[in-house]
Amino acid sequence: MATARLILLLTVAAAAAGSCCFCSAQEVIVGGVGEQLATAPPAAPAPSPPPPPSYCGSVRTAVEAHNIIGWKTVPADCAEYVSDYLTGERYGRDSDVVINEAIAYAESLKLSGHGKEIWVFDVDETALSTLPYQAKHGYGTKPYDHASFVQYVAGGSAPALQGTLRLYRRLLQLGIKPVFLTDRTEDQRAVTTHNLLSQGYCSWEKLLLQPVGLQTTTQAFKTGERQKLVSAGYVIVGNIGDQWSDILGSPEGYRTFKYPNPIYYVA
């Protein structure tokens, strides 16, 4: 009996000793991993892309002020700057300043009551946005491709620039008649009409487009069309466009408004 009790005690002691060694070994292993993790150097962060050159903002300002003219493309290293400008808050704020000034001016006018006061609107980048197209074509860093742009226009899905639509609706309330004057061509009349209507523009007085194959500058064409309007008895109280060629050339109208556009230049 004593022998049996001794054997039992030895067995329990051996089991306890084995259990203690296992726990100690586990603690050592875990401790080793912890030490390795604690002393391992942190992973290097992915390098950030370089910011756009600081001169990009100055170039945009010079373009808007018409101090840089005749340019063909946006500098390639300014693509990110233009993208950030157009898709961020700044473009909307800059546009709202123009639109708010235009509305304040329109509300200050004393109309004749004859129904001949008109306001001239450009279409692309003034009434409708081509930003979905520009986003796929380098934000102005690539040369203008007529075929792909015509395809975009043919889709009839250009979104309205909401600030311009706000001005447009206020003018209708005031009794000033909108006239669209665009360098889109006559063969694009149907799709342009559909696109404008689908985006909330309605009740315009005229939609003036270029004849197909006309060989002249945009400024010369638009100046001539405005002269025809004046000769027909209309009074151009306002004129808004994203290009200087939209608003230069007599008769410009009583007051002109330049909508921001850093993407392309049209003479």
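Contact here means heavy atoms within 4.5 Å. Helices are DSSP runs of H or I with at least four residues, and strands are E runs of at least two, numbered from the N terminus. The model is predicted: local features need pLDDT of at least 70, side-chain atom pairs count only at pLDDT 80 or more, and totals for chains, interfaces and linings use all residues. Residues are numbered from 1 along each chain as its sequence is written, and side-chain values use heavy atoms, without hydrogens and water.

**Exercise 1.** Find which residues of helix 4 meet helix 7.

Solution.
- Step 1: From helix 4, take D96, I99, N100, A102, I103, A106 and E107.
- Step 2: Their partners in helix 7 are G163, T164, R166, L167, R170, L171 and L174.

**Exercise 2.** Describe how the axes of helix 4 and helix 7 cross.

Solution.
- Step 1: Fit lines to C-alpha atoms over the stretch in contact; angles run from 0 to 180 degrees between N-to-C directions.
- Step 2: The two axes come within 9 Å and cross at roughly 5 degrees.
- Step 3: Angles under 35 degrees count as roughly parallel, so helix 4 and helix 7 are roughly parallel to each other.

**Exercise 3.** Place H66 and S203, and decide whether each is buried, partly exposed or exposed.

Solution.
- Step 1: Buried is under 20% relative accessible area, exposed over 50%, partly exposed in between (1.4 Å probe, protein chains only).
- Step 2: H66 lies in the loop between helix 2 and helix 3. Its relative accessible area is 27%, so H66 is partly exposed.
- Step 3: S203 lies in the loop between helix 8 (189-198) and strand 3 (206-210). At 57%, S203 is exposed.

Key. Parallel < 35°, antiparallel > 145°, perpendicular 65-115°, else oblique.
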